[in-house]
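Here are a few exercises to work through with the model open beside you. Try each task before reading its solution.

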Amino acid sequence: MAIKSKPRIKVPSEAKAGEIIEIKTLISHEMESGQRKDSSGKPIPRAIINKFTARFNGKTFFEADWFTAVSANPYQAFFYKASESGEFTFTWKDDDGSEQTASAKLTVA
Amino acid sequence: MQLRSWTPSRRETMGLGLAAMLAATLAPRLVMATEEAVAAELKKLYGDTPMAPGKIKLDLPEIAENGLVVPLNVDVESPMTDGDYVKAVHVFADGNPLPQVVTYKFTPQSGKAAASVRMRLAQTQNVVAVAEMSNGTLYTAKAQVKVTIGGCGG
């Protein structure tokens, strides 16, 4: 299954310089492990999101390689140390090559 | 009351031997991926670099009622400065069909080498985390999760 739904992200819109903020993300995806069989006994091929990338103003600060053991509708939480105002970009890469992105603005006071 | 060391009788010795043989023949069939599979993955990544226990806090439920969604929180102790930070964290599950769970890559901008995800566990097993520091040293931590319903579609 390709990525089809809009990812959900939770990021504070403001932070103080030097503050460590938590970012939470959630995306709908079956994360088909390749271990299951259909009703006729044929194995269902693997189809997962294999990479999540978090960037701030274009610079990657966190990456996660997901394997088949990651649950369906993957949730990922992580941190970022705020230093300047700008924009987060989050990218989810599917096994089939498709990508989904989401972005959020951060203002550093 | 009499105090003396216990010496097994012949019958007891045979019993012990049988139990050991049973354990040895049954054990490999009960696990899917094994500790060896995890060790092989680690060898591919880091060769024979020694690993010290510590620095990693693995936050996992002791008992997971549903193996399909097991919360996993990893937190590695580090100042996360340009000169001293956590580069990568690998998480493995030694009783799943495939041992890898997740690999994180951190940078000093991460602020904290911590992340949470939800994972599938096929059965009761050990979850192993390995953290690679910016200077190349490795740390490891291990925790057991008891799974009552497996997460492998079966």
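## Exercise 1: a charged pair in chain A

A:Arg36 is partly exposed, with a relative accessible area of 37% (buried means under 20% relative accessible area, exposed over 50%, partly exposed in between, with a 1.4 Å probe and protein chains only). Before going on, note that this is a predicted model, where local features need pLDDT of at least 70, side-chain atom pairs count only at pLDDT 80 or more, and totals for chains, interfaces and linings use all residues. Residues are numbered from 1 along each chain as its sequence is written, chains are lettered from A and ligands numbered from 1 in the order in which they are written, and side-chain values use heavy atoms, with hydrogens and water left out.

Task: find the salt-bridge partner of A:Arg36 and say whether that partner is buried or exposed.

Solution.
- Step 1: use the rule that a salt bridge is a side-chain nitrogen of Lys or Arg within 4 Å of a carboxyl oxygen of Asp or Glu.
- Step 2: the partner is A:Glu32, and the closest N and O atoms are 2.8 Å apart.
- Step 3: A:Glu32 has a relative accessible area of 8%, so put it down as buried.

As background, side chains of opposite charge can pair when their charged atoms come close.

## Exercise 2: the fold of chain A

Task: describe the secondary structure of chain A and how much of the chain is buried.

Solution.
- Step 1: count elements, taking helices (H or I, at least four residues) and strands (E, at least two) as DSSP runs numbered from the N terminus. Chain A has zero helices and eight strands.
- Step 2: read them off from the N terminus, and you get β-β-β-β-β-β-β-β.
- Step 3: of the 109 residues in chain A, 44% are buried.
- Step 4: look at contacts (heavy atoms within 4.5 Å). Among those in chain A with a separation of 6 or more, 60% come from residues 24 or more positions apart.
- Step 5: the accessible surface of chain A (Shrake-Rupley method, 1.4 Å probe) is about 5500 Å², and carbon and sulfur atoms own 47% of it.

## Exercise 3: around A:Arg46

Task: place A:Arg46 in chain A and work out which parts its salt bridge ties together.

Solution.
- Step 1: A:Arg46 sits in the loop between β3 (20-26) and β4 (49-56) of chain A.
- Step 2: its relative accessible area of 41% makes A:Arg46 partly exposed.
- Step 3: skip neighbours within four places in sequence, and A:Arg46 is in contact with A:Glu32, A:Ser33, A:Gly34, A:Thr68 and A:Asp95.
- Step 4: pick out A:Asp95, whose side chain meets that of A:Arg46 in a salt bridge (2.9 Å, N to O).
- Step 5: A:Asp95 is in the loop between β7 (86-94) and β8 (99-108) of chain A and A:Arg46 in the β3-β4 loop, so the pair ties together parts that are 49 residues apart in sequence.
- Step 6: A:Asp95 is partly exposed as well, at 30% relative accessibility.

## Exercise 4: from chain A into chain B

Task: start at A:Lys51 and follow the salt bridges to find which residues join into one network.

Solution.
- Step 1: A:Lys51 forms a salt bridge with A:Asp65, with 2.7 Å between the closest N and O atoms.
- Step 2: this pair links strand β4 of chain A, home of A:Lys51, to strand β5 (residues 59-66), home of A:Asp65, 14 residues apart.
- Step 3: A:Asp65 is buried, with a relative accessible area of 17%.
- Step 4: through shared partners, A:Lys51, A:Glu63, A:Asp65 and B:Lys105 end up in one network.
- Step 5: the step across chains is the salt bridge of B:Lys105 with A:Asp65, at 3.2 Å between the closest N and O atoms.

## Exercise 5: the interface

Task: how many residues of each chain are in contact, and what area is buried between chain B and chain A?

Solution.
- Step 1: 27 residues of chain B are in contact with 29 residues of chain A.
- Step 2: the buried area (accessible area, 1.4 Å probe, that two parts lose on being put together, summed over both) is about 2300 Å², with 52% from carbon and sulfur atoms.
- Step 3: B:Lys105, B:Arg118 and B:Arg120 supply 27% of the area that chain B buries against chain A, more than any other three residues.
- Step 4: the salt-bridge count between chain B and chain A is one.
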